[in-house]
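These are notes for a colleague who is opening this structure for the first time. Please read them with the sequence and the model side by side.

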Amino acid sequence: MMDLYANLALGFATVWKIVWLPAIATGLPFAIPIPINLILCFVGCLVGTLIGVLPGVGPIATIAILMPLTYGLEPVGGLIMLAGIYYGAQYGGSTTAILVNIPGEATSVVTVLDGFQMAKQGRAGVALGIAAIGSFVAGCVATVIIAALAIPLTRMALLFGPAEYCSLMILGLMFAVVLARGSLLKAIAMIFAGILLSTVGSDFETAQDRLTFGLVELKEGFDFAVVAMGIFGFAEIIKNLEAPETRSVVRGAIGRLLPNRNDMRQSAWPIARGTLIGSVLGLLPGNGAVLGPFASYAAEKKLAKDPSRFGRGAIEGVAGPEAANNAGAQTAFVPLLTLGIPPNAVMALMVGAMTVHGITPGPQIMTKKPDLFWGLIVSMWIGNLMLLVINLPLIGMWVRLLRVPYRLLFPAIVLFCCIGIYAVNNSTADVLLVAGFGLFGYVLLKLGFEPAPLLLGFVLGRLMEEKVRTALRYSRGSFMTFLESPLSLAFLLLALAIVVVAALPAISRSRDKVFTE
Amino acid sequence: MAADDVQHETTPPESRLIRSPQNLAAGLLLLVLGGIGFFGAAGVDIGTLAEFGAGMVPRAVAVLVALSGIALIALGFVTPGPGLGAWPLRGLVCILGAVMAFGLTLRGFDLGPLRLPPLGLAVAGPLAVTLAALADPQTRAHEILIFAAGLTGLCVFLFRFLLRLPIPIAPWALGY
């Protein structure tokens, strides 16, 4: 317990880091203290929300677009800003769901149901307010959960050999496959394709070029930002252009923002239950967080005295799922930070960004870079607090932004993306490569492929290759090593079980239903 | 531009040999991808199971990609599924054209007989915005030209002067 306290104190110290701006720079007679990391967190939240509220731009695209902004910063500051962007993007998605009736991503689908109804009844402000409060409560609890679980899970992860690691990654990938939309076969194929993409570039052991086709630009492999922005950013923009714009931003007043006592009483328990459900599901190595809002909504509807209110603007239907959404979004950091395994596409983006800063997520960061680890965890909490502080007063601005026509928004996004991707390596070859991946991503979408598993495979590919190679070297080429360790065997059996279960006709039908609702 | 919008049939009649054109095309794509991976890494040493060479993983995964492709192709002939749908090319061409135009004009290029001097953000910016805007039929000419100029100015200020990114602005006029 004392450890936890000391660790969180270190985190706070990191976040509160003060840089003195020398007197010479400003011309003032005294130096100015600047809480640099706090400002970065604030800016991250702000721009994250700014892009995240744009209809049709979900959190994944938002982070892919904004990621290059953090590249020039030092690692700690860069990651803190990235965490801010992440929460901003999440919250921006909820705002769009409530005000425009467009879910930015799978997890806001539920918020739309009652949130937009509340908005139509002139209670948009209360819906946004309770979403922010619920998210904040969930964020606080989830931060403590992460801090408490980080140490034991990291110790456990350090006991894993390469075979266990590899099997755990396979389990995580299979979870992601099962929870992806659409055909299982296509999702698995996307993972293979992602791993194939990750092998491009020089081999890390022998430094031999492979699949570079003689191009110097490919020696280092594909840059993560290039792949992500092409497949998620541009492909998404092109797809959005095809659907005729049917945006119905809520007209009229937003109404008061703060829920009254009655609203609070109705929402308190849903928030508590949502936080619990979301936190637990977010811990799963696959993309469990995506189920949180659905599970919370179902639970609230079942527990309600009058279930018919749901879908007609029930405040519990916003409070619970939003809390679950945020709790899951946050505890999803646990598998990433302790095991180095990103459970979903957003976390895969975080891995990419961390790698740029020279950090490989995994059990070793907590011991090697404690300030970074605990600083990141505390900044999650600060990020949640900041969202509460900046989003509610700025809601008028977000609403005005929602009314900007798409025909002006998307050219601006295209230009920002171009500049951002150029800035990563000061390379125009990267810009051309992004166009290529945009085309690839668009074709994938059109052929019914879900791009998220591709990104996961791409991110995990090199690590998996490394672990498989080491494991087989230890066992002198025998694959039995994956089955002889009981832990590894258990992971593999579980992975097999969930795929088989998901492939059963009855389950796969209801799975389709959940994701198309 | 409207002529680019190629319409394919959405759902094929039941009697056709191909039951799901989408799955068939998806499988073909994977097969090509796997082929590129397999033959592209052909010259690279495979090694043994105990001691992988650099080519082992790329080729093994390429085979898996190709196998998934074959499974999808088979599925395309056996089970009914979605068609190819519509492929409106306007958005694709304009957006990707805008990105490529940005990449080619910002610092120019030199490919032997084809060469272009670096034009900087002052040219590449408005060009990319205008080209991208053509993707939307609702775009109005005067509006987008003013918008492109203003946005480029904002980007110059934001990225060059505030964030100090080494991005060329107008090398032909300003020297940077």
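In which helix of chain A is the place of A:T96? The points below begin with that residue and then move outward to the salt bridges, the interface between the chains, and the cysteines.

1. The model is a predicted one, and every remark in this note should be read with that in mind. A:T96 sits in helix α5 of chain A, which covers residues 75–100. With a relative accessibility of 2%, A:T96 counts as buried, because the limit for that class is under 20%. The side chain of A:T96 reaches the backbone oxygen of A:V53 at 2.8 Å. Apart from neighbours within four places in sequence, A:T96 is in contact with A:G52, A:V53, A:P55, A:N101, A:I102 and A:L402.

2. A second residue to look at in chain A is A:A131, which is found in helix α7, residues 124–159. A:A131 is buried, its relative accessible area being 1%. When residues up to four places away in sequence are set aside, A:A131 touches A:Y91, A:I98, A:V318 and A:E322. The C-alpha atoms of A:A131 and A:G115 are separated by 9.1 Å, and these two residues are 16 apart along the chain.

3. A:R309 belongs to a loop of chain A, the one between α12 (292–303) and α13 (316–331). Is A:R309 buried or partly exposed? At 29% relative accessibility A:R309 counts as partly exposed, because this value falls between the cut-offs of 20% and 50%. The side chain of A:R309 meets that of A:E316 in a salt bridge, with 3.0 Å from N to O, whereas A:E316 itself counts as buried at 10% relative accessibility. Leaving out residues up to four places away in sequence, A:R309 touches A:D114, A:Q266, A:A314, A:I315 and A:E316. For a sense of distance, the C-alpha atoms of A:R309 and A:T95 are separated by 22 Å, with their positions 214 residues apart along the chain.

4. Over all chains, the count comes to 15 salt bridges. One of them joins A:R469 to A:E205, where the closest N and O atoms are 3.5 Å apart. This pair links distant parts of the chain, since A:R469 is in helix α21 (residues 451–474) and A:E205 is in the loop between β3 (201–202) and β4 (209–210), 264 residues apart. The two partners also fall into separate accessibility classes: A:R469 is buried, with a relative accessible area of 1%, while A:E205 is partly exposed, with 37%. In chain B, a salt bridge forms between B:E143 and B:R140, their closest N and O atoms lying 3.8 Å apart, and B:R140 counts as partly exposed at 43% relative accessibility.

5. Which residues are linked in a network of salt bridges? The network includes A:D203, A:E205, A:R210, A:E465, A:R469 and A:R473 from chain A, together with B:E51 from chain B. The salt bridge between B:E51 and A:R473 has its closest N and O atoms 2.9 Å apart. Between chain B and chain A the count is two salt bridges, and nine residue pairs are found in polar contact across this interface.

6. The interface brings 67 residues of chain B into contact with 60 residues of chain A. The area buried between the two chains is about 5400 Å², and carbon and sulfur atoms give 79% of it. B:F52, B:W87 and B:V99 supply 10% of the area that chain B buries against chain A, more than any other three residues.

7. A reader may also want to know how many disulfides the structure holds. There are zero over all chains. A:C41 is in no disulfide, and its nearest cysteine sulfur, that of A:C45, is 4.7 Å away; the pair is not counted because a disulfide needs sulfur atoms within 2.5 Å. A:C41 counts as buried, at 1% relative accessibility. A:C140 is likewise in no disulfide, the nearest cysteine sulfur being that of A:C41 at 13 Å.

Technical notes
Residues are numbered from 1 along each chain as its sequence is written. Chains are lettered from A and ligands numbered from 1 in the order in which they are written. This is a predicted model: local features need pLDDT of at least 70, side-chain atom pairs count only at pLDDT 80 or more; totals for chains, interfaces and linings use all residues. Side-chain values use heavy atoms; hydrogens and water are left out. Contact means heavy atoms within 4.5 Å. Buried area is the accessible area (1.4 Å probe) that two parts lose on being put together, summed over both. A salt bridge is a side-chain nitrogen of Lys or Arg within 4 Å of a carboxyl oxygen of Asp or Glu. A polar contact is a pair of N or O atoms within 3.5 Å; within protein, one must be able to donate a hydrogen and the other to accept it, and residues adjacent in sequence count only if both atoms are side-chain atoms. Helices (H or I, at least four residues) and strands (E, at least two) are DSSP runs, numbered from the N terminus. Buried means under 20% relative accessible area, exposed over 50%, partly exposed in between (1.4 Å probe, protein chains only).
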